[in-house]
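Trainee: I should like to learn how to read a helix and its surroundings. May we work through an example together?

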Amino acid sequence: MRKAKWLLFALALGLLSVGCAKLNYEEIAPNAAAFKPRAVVILPVKMPEGMDLESETASNVITDALNKINHFGRVIDPATVRAQMAANKALQDTIINYLAKLRMLGVSEKELSKKIGAAYHADTLIIVDIGRWGTMRWGGKGYAEVSFSIKMVDSATGTIIWKAGHADQRDYLLFKPNIADMGRDLALYIFEHNPTRPQK
């Protein structure tokens, strides 16, 4: 029963993502166009339950995508963030508290975001929650899916400048798609929609 529900959910998201020019979900703050991020810090990525071993791969995918689109002067990756958290208990508590309030209450607390921005000399926080990351088989066919939700936050004010979510779902018979490649393509697609990007 659980597999059937997962499959129906995956197929629905796949239908939404395939052939769409827009993201599945997006919210843009009124002042987004005026916000010009120069240095972004990617906070620890939240993985689906039981997928923690894939955290490093997923974090690298997000970092690669942000570097590739070249909209930002400097990108601080989650590995650097975690290393500094391990060496600084106060910073660790600040980031954990900030993410807990954001994810559980939907509150981006200004004082906490300012401290994080100051610690990494970054004007922008990137928060990524991964909803799906993997493959399954059902009815003799395989399905691969990756889905992200992303928030871009002005670290000085705590304002959520942009929220977005999208998914990529593919089916296969014998050869599994490379999940990291799917994730990288999806991250690029999402970040190319960010409203702070330079206009061409």
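Mentor: We shall examine one helix, then some backbone angles, and finally a polar contact. Please bear in mind that the model is predicted.

Trainee: How does the end-to-end distance of helix α4 compare with the span that it should have?

Mentor: The idea is to take 1.5 Å a residue. Helix α4 comprises the 17 residues 89–105 and should therefore span 24 Å. Its end C-alpha atoms are 23 Å apart, which agrees.

Trainee: Which residues of α4 are buried?

Mentor: A residue counts as buried under 20% relative accessible area and as exposed over 50%. In α4, the buried residues are Leu 91, Thr 94, Ile 95, Tyr 98, Leu 99 and Leu 102. They cover an arc of only 115° around the axis, so they lie on the same side of α4.

Trainee: What covers these buried residues of α4?

Mentor: The covering elements include two helices, α3 (78–87) and α5 (110–120). Strands β4 (124–138), β5 (141–154) and β6 (160–172) are also among them.

Trainee: Which exposed residues does the face turned away from the buried side of α4 carry?

Mentor: That face carries Lys 89, Ala 90, Met 104 and Leu 105.

Trainee: What is found at the ends of α4?

Mentor: At the N-terminal end, Asn 88 acts as a cap: one of its side-chain oxygens lies 3.1 Å from the backbone nitrogen of Ala 90. Just after the helix, Gly 106 takes a positive phi of about 75°.

Trainee: Which residues have a positive phi although they are not glycines?

Mentor: The general idea is that most residues other than glycine have a negative phi. Here, Asn 70 has a positive phi of about 60°, and His 121 has one of about 50°. Asn 70 is placed in the loop between α2 (55–69) and β3 (74–76), whereas His 121 is found in the loop between α5 and β4.

Trainee: Are Asn 70 and His 121 buried or exposed?

Mentor: The relative accessibility of Asn 70 is 60%, so Asn 70 counts as exposed. His 121 has a relative accessibility of 63% and therefore counts as exposed.

Trainee: With which side chain does the side chain of Asp 168 make a polar contact?

Mentor: We first locate the residue: Asp 168 lies in strand β6. Its relative accessibility is 14%, so Asp 168 counts as buried. The side chain of Asp 168 makes a polar contact with that of Arg 170, at 2.8 Å.

Key: Residues numbered from 1 in each chain as written. Predicted model: local features only at pLDDT ≥ 70, side-chain atom pairs only at ≥ 80, totals over all residues. Heavy atoms only, no water. Helix = DSSP H or I, 4+ residues; strand = E, 2+ residues; numbered from the N terminus. Expected span 1.5 Å × (residues − 1). Buried < 20%, exposed > 50% of the residue type's maximum accessible area, 1.4 Å probe, protein only. Arc of directions from axis to C-beta. Contact = heavy atoms within 4.5 Å. Polar contact = N/O pair within 3.5 Å; in protein donor to acceptor, adjacent residues only side chain to side chain.
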